[in-house]
Amino acid sequence: MAVFAGALCPVARAQVAASVSLDSDDRLRGVSLSDGRPVATLALAYDAPDGVYGGASGAATQTSHDGPQPLSYVVYLGYAGSLGPGASWDVGVTNSSVAAYADRTYVSHYTEIYAGFTRGELSGHIYYSPRYLFGAQTIYLELDGTHRLGDHWRLAGHVGLLTPLSRSGDASMDAERVDLRAGLVREFKHCELRLALTSTAPAPVYPIGDRQARTAVVAGLGYFF
């Protein structure tokens, strides 16, 4: 969401956006938060004329033993400024809460501070968290890009690197992690269909003791208001 909101340069009037989406999996930097189950997400975003922006999202999933349950929420606040025609910079902070439903319920809360740039169809950001999902202090670098194939088609790509700055106590999560995503998007008037291949290395172990697949195919549908 930081990439989406940071790409909105200051304009003459405030903008409000909302979306509802359904995805076959919820993958955060290569790690499945929904244990491979479908996820429904509602997101709201606000972009002010002076460059301030913010928003929130909430997701829910169908668990194997407790039925429908909330999965995560994210709130963020930032500021974007212009770097010239077609380019902008932004800084901000996010606060997230994530639940995982395995043999018991695991809940993680973490905050990230970020800064980045957007130029045309390319954006890059750096995130710092004093206590990330796995309990460690981390730096995350990401680069995202899109390439339009026609009036209603686009390719989307992502590469990220997560580097622990401290130890969580779990050797499986204390190594550097690379995640990749490549996808194809079909756009309609108010919605889009998405299909993406994601991969990460080494294989995630989240929650602790639950080894996940390194690679997954994720399909999604989003509707925008």
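Here are a few short exercises with worked solutions on the structure above.

The model is predicted, so to speak of its local features a pLDDT of at least 70 is needed, side-chain atom pairs count only at pLDDT 80 or more, and totals for chains, interfaces and linings use all residues. Residues are numbered from 1 along each chain as its sequence is written, and side-chain values use heavy atoms, with hydrogens and water left out.

**Exercise 1.** Find out whether Glu 142 is buried or exposed, and which side chain of opposite charge is nearest.

*Solution.* Start with the place: Glu 142 belongs to strand S10, residues 138-148. Strands are DSSP runs (E, at least two residues), numbered from the N terminus. Next, Glu 142 is buried; buried means under 20% relative accessible area, exposed over 50%, and partly exposed in between, with a 1.4 Å probe and protein chains only. Then look for a partner: Glu 142 has no salt bridge, and Arg 29, the nearest side chain of opposite charge, is 5.4 Å away. A salt bridge needs a side-chain nitrogen of Lys or Arg within 4 Å of a carboxyl oxygen of Asp or Glu. Lys and Arg count as positive, Asp and Glu as negative, while His and the chain ends are not counted. Finally, the side chains of Glu 142 and Tyr 127 are joined by a polar contact of 3.0 Å. Such a contact is a pair of N or O atoms within 3.5 Å; within protein, one must be able to donate a hydrogen and the other to accept it, and residues adjacent in sequence count only if both atoms are side-chain atoms.

**Exercise 2.** Describe the phi and the surroundings of Arg 29 and Asp 35.

*Solution.* First, a background point: most residues other than glycine have a negative phi. Arg 29, not a glycine, has a positive phi of about 55°. Its place is the loop between strand S2 (27-28) and strand S3 (31-32). Arg 29 counts as buried because its relative accessible area is 14%. Now turn to Asp 35, where phi is also positive, near 60°. Asp 35 sits in the loop between S3 and S4, and with a relative accessible area of 45% it is partly exposed.

**Exercise 3.** Locate the cis peptide bond from Ala 201 to Pro 202, and then place Ala 213.

*Solution.* The bond from Ala 201 to Pro 202 has omega near 0°. Pro 202 lies in the loop between S13 and S14. Ala 213 is in the loop between strand S13 (191-201) and strand S14 (215-224). With a relative accessible area of 44%, Ala 213 is partly exposed.

Key:
Helices (H or I, at least four residues) and strands (E, at least two) are DSSP runs, numbered from the N terminus.
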